[in-house]
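Here is a short report on a protein and the ligand it holds. Look at the structure first, then read on.

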Amino acid sequence: MTTIALAGNPNSGKTTLFNALTGSRQFVGNWPGVTVEKKEGQLKGSRGVTVTDLPGIYSLSPYTLEEVVARSYILGVDMNSGKQLPEEQRPDVILNIIDGTNLERNLYLTTQFLELGIPVVAAVNMLDVLEKTGDTIDLAKLSKGLGCHCISISALKGTNAVSAAETAISIAQSEDSRDAPVKFGQTVECAVSDIAHLLPAEIPQSERRFTAIKLFERDELVRKRYGTLDCEAIIAEVESKLDDDSESIIANGRYDYIEKLVRACFVRKPRGASASDKIDRVLMHRIAAIPIFFAVIFLVYYISITTAGAFVTDWTNDVLFGEIIPPAVEHLLDRAGAAEWQSGLILDGIIAGVGAVLGFVPQMLILFLFLAFLEACGYMARIAFIMDRVFRRFGLSGKSFIPFLIGTGCGVPGIMASRTIETESDRRMTIITTTFMPCGAKLPFIALVAGAMFDNNGGIAFLAYLIGIASILLSGLILKNLKRFKGEVSPFVMELPNYHLPTALNLFRSMWERGWSFIKRAGSIILLSAVAVWFLSNFGFVNGKFQMVDNLSYGLLATIGNMLSWIFIPAGFGDWQATVAVLTGLIAKENIVATIEILYQGDMSAGFTQVTAFAFLVFNLLCAPCVAAMGAIRREMNSGKWTAFAIGYQCGFAYVIAVLINVAGTLIVR
Ligand code: GDP
Ligand code: MG
């Protein structure tokens, strides 16, 4: 009768080997008293050889149920009482399955098995994988180093499976015992042998070392068994001498030994750089990385705003919402005998306002598609990594770049993404600056200004992006100088994924999710705002009577706008229409386009020069975001004071920059 225990790390291939060795002759049950599965089987083609599949473990410490089960079984003790069981219930040999592709981690357990005083055979598994990668393991050296038989197998292919079992059987019968391989250095060895001397005489020689080491580690289960034994003084002396706790001392001793052994017998085949590495050599180049990043972003904006996007958007704006729908609706309204105000509301309010916003949907979808691609292929993760170097100089962490990237889609999830930043001051700074990025909803007015004032120049949207980033960096410098933001920048650690081509389906899904929520907003909040803007601008008090006005500058909105418009005179857009557009932009940034369309009656250049239009663009880009994003700021700051500070800072910063642009621009243009 021989019993072979298959033991090793989880996923090393124990069950695969077990199945190969036993075929269908298996009995599955539970280990006594616990729910850990116990599998036993008869070795194929043999009589009286039992194979046991033990739970996967990393160590013989008593911390997990699996460890306790496996260890008790190997030591032949009762799991619950710790009492020694009859000799025949102990396995005769351990067949230690080692994952050959992960030698270092697996050998940690092996060194412990070799201290138990039970014959051990090491089966180095995954031979097929090693052959594929070209890595080699010198089994003779490994055998010599460990002091046990080693054999390489492939449990999956069945290679050497039977001879591993046969080796185990012959070792079990020969009973040759060898010294444990790991020596711990003199101080520890002395302590271990001192403890071994204290052990009761009935413990066999072969188990004394393991027991002494476990006592030195203050192992709970072994201590319980030898409760009367006091070795605390011995342990404490070593601990103070080596300035470490006893468990770590032992673990370090094992790892030192394993490291040397692996270095001697594992030969890694030099591999050529992977495709990802090759791409990174260019995209992550020390100097070129950032120019390449900006070139990529420029292309993304250029293509989405100027070429394909502009073509479709021009068509929607000029043809669909210009030549097709309005005349048709006008005709219908005429036939239905609609009142003047009714056709005004529908044509100049709803169709002009909502239509103007919807016109930008194609550009936005193309932009979202590009951003989804950059994110999914793995490039954006690298950008965060690269930008960390830049951001650090400005007192920001590369971690902040993730919220900023997300913020180019929508500021709300961007602000929420700041949660991953541990340092509170870094997080607050990120929340304050995230909405400086041109989000999807800001794209329409950026494109509107580019189209109406700058001859559809593709550089305008890219410039908005640059201004967003520059404002973030500048704010980093400004805010870091405030006392409340002082402190170390959080470290930035992230694993770079390999590049891969995303599936078209995933890209379109991501694009559509963002785009659809935009379209829904056009049909709800923006529709409502357009109606309100039309009413409030077309009705007002004339001669003390509230009625429809024949000139928008007598309407209610003009009155409100005129009360506030002086604020924006230094920035160059101090008329009531632009002021109202800023205000409606706080409800939703798309409203700016709708409001401009209604109030300037389709002709933006009536109210702006290139300089003031650009100052207007930048102010709306940087000032307080829409109510949804302000709500997100409030939630993430979790403080009314901080929210007020954030919004005040954003508006103040935007105002200063807009005024600077107006002043400088006017000087230059003149
Ligand atoms: P256990 O957790 O130790 O029982 O490991 P399993 O026997 O469940 O094996 C874990 C995984 O490794 C499974 O996907 C096996 O198919 C795979 N595996 C096991 N042995 C080999 C082998 O020799 N070569 C290869 N390529 N895969 C193996
Ligand atoms: Mg298993």
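This model is predicted. Start with the ligand. Ligand 1 has 15 residues around it, and N11, K14, T15, T16 and D128 come nearest.

What kinds of residues make up the shell around ligand 1? Five are nonpolar, eight are polar and two are charged.

Now look at the polar contacts. The table lists three residues, each with the distance from an oxygen atom of ligand 1.

| Residue | Partner atom in the residue | Distance to an oxygen atom of ligand 1 |
|---|---|---|
| S12 | polar backbone atom | 3.2 Å |
| K14 | N or O atom in the side chain | 2.7 Å |
| A155 | polar backbone atom | 3.1 Å |

How much of ligand 1 does the protein bury? Taken alone, ligand 1 exposes 580 Å². The protein buries 71% of that area. Accessible area lost when parts come together is often used to give the size of an interface.

Next, the secondary structure. Which elements give two or more residues to the shell around ligand 1? They are α1, spanning residues 14-22, and α4, spanning residues 127-133. Helix α1 gives the most, with three residues. K14, whose side chain has an N or O atom 2.7 Å from a ligand oxygen, is the residue at which α1 begins.

Finally, step back to the whole protein. The domain assignment gives three entries: domain 1 covers 2-173, domain 2 covers 186-267 and domain 3 covers 292-669. The centres of domain 1 and domain 3, taken over C-alpha atoms, are separated by 64 Å.

Technical notes: Residues are numbered from 1 along each chain as its sequence is written. Chains are lettered from A and ligands numbered from 1 in the order in which they are written. This is a predicted model: local features need pLDDT of at least 70, side-chain atom pairs count only at pLDDT 80 or more; totals for chains, interfaces and linings use all residues. Side-chain values use heavy atoms; hydrogens and water are left out. A residue is near a molecule or strand if one of its heavy atoms lies within 4 Å of it. A polar contact is a pair of N or O atoms within 3.5 Å; within protein, one must be able to donate a hydrogen and the other to accept it, and residues adjacent in sequence count only if both atoms are side-chain atoms. Accessible areas come from the Shrake-Rupley method with a 1.4 Å probe; for residues, only the protein chains shown count as cover. Helices (H or I, at least four residues) and strands (E, at least two) are DSSP runs, numbered from the N terminus. Ala, Val, Leu, Ile, Met, Phe, Trp, Tyr, Cys and Pro count as nonpolar, Asp, Glu, Lys and Arg as charged, and the others, Gly among them, as polar. Domain bounds come from an automatic or database domain assignment.
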